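Please keep the model open while reading the points that follow. They are meant for a colleague who has not seen it before.

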Amino acid sequence: MVGQYRILILLAVLSGALLLSSHSRGEEGIPLWFQADKNNLQILPQRFEYNLEDEDHVKIGDIIIDPTTFGFQVAATPNQPGKFKARFVWPSGLLREGTLSIKDNTGKAIWSAAISKKNTRLITLESSKSESSLGKTKLIEFVTDQLQEAFIEDMKFFPFMSFCIGQTSQDTSIYLCSKEVFLFSQNGKISIRSRSQAKRTAFVEINGKSVSNQGIIFLNDENANIGFRAMTKSGAILEIETRMKPVDFKDVVISQDKMSLTLTASGAQPVADERVKIINNETWQFQVDAERPILYLKGAGDIPMRQEFYIKGEVPSEKIRPYVSKDSSNKVYQGTLLLNGVAAKGTTVTAEAKDQKVEKLENNQFVWMLENIPSGKTSRHYLRVNDNKSSFVVAYDVFRGYALETGAFGSLSLSSQQLYGTFFVNWWIENFIGNIESWSRFHWGLRAEQTLVFNKKNNQPNLNTSRLELLWRANPGFHFLDSTWGLVLPYEVIQTNAGSASSAGIGAFFSHPPPKSLEKWMDWSDAKLVYLLGGGNDVRLNNAVIGSGLAYIRATDQLNWNYGLGLSRYAFDTGDSPVQIQILGGATYRF
């Protein structure tokens, strides 16, 4: 074992030495993360903050909702007799998309329109243009010229009405209503006026229970909903149904002047979009004040959640960060991974766990060997970084997929009423023929399949087949995770009543998650079509077409139930077999 390990180390050094040097760590390497909660930065629970500040202002997180800025005007549309133009204005803090509606005095919606970023625009009050406002007093404007005269006449008879903006999704709902208004007409001119009434009693409710006008809710469960409802003394109503979103603070470093922290994370993003640096589709970066490390994250529906941190000790700086080779993989099928790395000058790296080994080399280079990588998930692996003063921890994430799949499914032919059973094994290959180039990694697989007929009939060919397939994925990745199309090179042996035949062929497959409309019926889908070119032994196969479409329902991380339809037609020199349409059902297990 030791000798084998030494050989692996030597190969790693030879392949990585040209890629890493102490002069090009940032250009050539992948940074290892200083995970925040392992490097003296305590991540406090997210919290939902609210404050009914006065009779007309509601504050949610760092966003202030001012119902006095609601605007609703109606006027005749120029050069279009019988049509009227309406302008709606409301605070921009929470709602830019959803449904805008006018509600009568009974609460019934008498008119509605879909709103989005495309048909609305942001406007700013003259008194709100300072940088200190951070855009929180900006307004959204929606204009329509499609109100009919008959509708305006009806509005004159309503004692009062209000306009509301609402947005509902699977995780959240937001509902914002103006105070009560009425339509006033005089000398042929119409206007919208506020309804004169005694001031109402302002209140706040959380999950249906009355609470104080100011409060904080600490969030520890991403599945726990918060139901917020508030009414101001002017009658404006705000309702929110939301929850926290998870976030993984992968990295933290302190600036050279010790004034700011740079956080790198994935998951819920900060509310202040203009200050967010996007690293990739999953990862973002944000700077916070080191003396007051606070930011607001977007909860469900982009509701702001306050995130605070507590600095418990020294935080690492960028200059001591180690790197691994830019060609390092973070996806594997095997249980081991060898990484070439380079440490910063004046630092050393050591293994942090028993299932890791670190071999120190010249010029601050090292080889890091990960073992016992768990299957079916992303696991995080750590190194200890030591300088003359402090000790920190860096991390590297690796996803290990399931390389093997086995399973069986039954098929019932609708025409012949014959029952077939198919048993199969798939082997997905990390490096085809041992090659680590991009054309080889995660593109290839092998499939062995045996199909048997259970109830033979005299008037049927009673096919038993054995097939071996070489699979090629156009997009590298993992089955059941990464969508792709691909090619199939099959070789099949067919046993019939009259004898046996064998044939090579060609085919294609598609592997994709379902569209949203079908997500309740399946978690994944595969389709495959194979054409056999023909060949013979005892009998002559002219050609054959075999196709299938399968839907998968995930039972566990490793077990999937599958169902679908199949089609097959075999053409022999003794006569064609009929086209068989089959109903399929079975299971697939990954390991």
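**Notes on the model**

1. Leaving out residues up to four places away in sequence, Ser-162 touches Ser-101, Ile-102, Lys-103, Ser-178 and Lys-179. The model is a predicted one. Ser-162 belongs to strand S12, which covers residues 162–168. Its relative accessible area is 12%, so Ser-162 counts as buried.

2. The largest nonpolar core has 49 residues, and those touching the most other members are Phe-48, Phe-72, Phe-88, Trp-90 and Phe-228. Strand S7, residues 83–91, gives the most to this core, with four residues. As background, nonpolar side chains in soluble globular proteins tend to be buried together.

3. What does Phe-228 contact beyond its neighbours within four places in sequence? The contacts are Phe-48, Tyr-50, Val-58, Ile-60, Val-204, Glu-205, Ile-206, Leu-238, Glu-239 and Ile-240. Phe-48 is also among the core residues that touch the most other members.

4. Strand S22 (residues 260–267) is mostly covered, with seven of its eight residues buried. It is joined to strand S21 (residues 247–254) by seven bridges, and the two run antiparallel. In this pair, Phe-249 stands opposite Ala-265 in S22. S21 and S22 make a hairpin with five residues between them, and Lys-258 in the turn has a positive phi of about 65°.

5. S22 also pairs with S24, again through seven bridges in the antiparallel sense. Here Leu-263 has Phe-286 in S24 as its bridge partner. Asn-281 sits in the loop between strand S23 (277–278) and strand S24 (283–289). Because its relative accessibility is 83%, Asn-281 counts as exposed. The C-alpha atoms of Asn-281 and Ser-266 are 9.0 Å apart, while the two residues are 15 apart in sequence.

6. An open sheet of four strands follows the order S28-S34-S33-S30, and its pairing is mixed. Its edge strands are S28 (331–332) and S30 (348–351), each of which pairs on one side only. S30 is antiparallel to strand S33 (residues 377–386), with four bridges between them. Thr-350 has Arg-384 in S33 as its bridge partner.

7. Which residues of strand S39 (residues 484–496) make up the covered face, and which the uncovered one? Thr-484, Gly-486, Val-488, Pro-490, Glu-492, Ile-494 and Thr-496 are on the covered face. Trp-485, Leu-487, Leu-489, Tyr-491, Val-493 and Gln-495 are on the uncovered face. In a regular strand, side chains alternate between the two faces of the sheet.

8. S39 has antiparallel pairing with strand S38 (residues 464–473) over ten bridges, and with strand S40 (residues 499–512) over eleven. On the S38 side, Leu-471 stands opposite Val-488 in S39. On the S40 side, Val-493 has Ser-502 as its bridge partner. Two residues connect S39 to S40 in a hairpin.

9. A nonpolar patch on the surface is formed by Leu-412, Leu-414, Leu-419, Phe-423, Leu-452, Phe-454, Leu-565, Leu-567, Val-579, Ile-581 and Ile-583, with about 920 Å² of accessible area together. Strand S36 (419–431), strand S44 (559–572) and strand S46 (580–590) are the elements that give two or more residues to the patch. Ile-581 lies in S46. Its relative accessibility is 34%, so Ile-581 counts as partly exposed.

10. The count of salt bridges comes to 22. One of them joins the side chains of Arg-306 and Glu-308, at 2.6 Å from N to O. Both Arg-306 and Glu-308 are buried. Another joins Glu-469 and Arg-467, at 2.8 Å from N to O, and here too Glu-469 and Arg-467 are both buried.

11. Arg-590 forms a salt bridge with Asp-557, where the closest N and O atoms are 4.0 Å apart. Arg-590 is in S46 and Asp-557 is in the loop between strand S43 (540–554) and S44, so the pair ties together parts 33 residues apart in sequence. Arg-590 is buried, with a relative accessible area of 8%, whereas Asp-557 is partly exposed at 39%. Elsewhere, salt bridges with shared partners join Arg-447, Glu-449, Arg-467, Glu-469, Glu-492 and Lys-528 into one network.

Note on methods:
Residues are numbered from 1 along each chain as its sequence is written. This is a predicted model: local features need pLDDT of at least 70, side-chain atom pairs count only at pLDDT 80 or more; totals for chains, interfaces and linings use all residues. Side-chain values use heavy atoms; hydrogens and water are left out. Buried means under 20% relative accessible area, exposed over 50%, partly exposed in between (1.4 Å probe, protein chains only). A nonpolar core is a set of buried Ala, Val, Leu, Ile, Met, Phe, Trp, Tyr and Cys residues joined through side-chain atoms within 4.5 Å. Contact means heavy atoms within 4.5 Å. Patches are made of residues with over 30% relative accessible area and no salt bridge: like charges are joined within 9 Å, nonpolar side chains (Val, Leu, Ile, Met, Phe, Trp, Tyr) within 5 Å. Accessible areas come from the Shrake-Rupley method with a 1.4 Å probe; for residues, only the protein chains shown count as cover. Two strands pair if DSSP finds at least two bridges between them.
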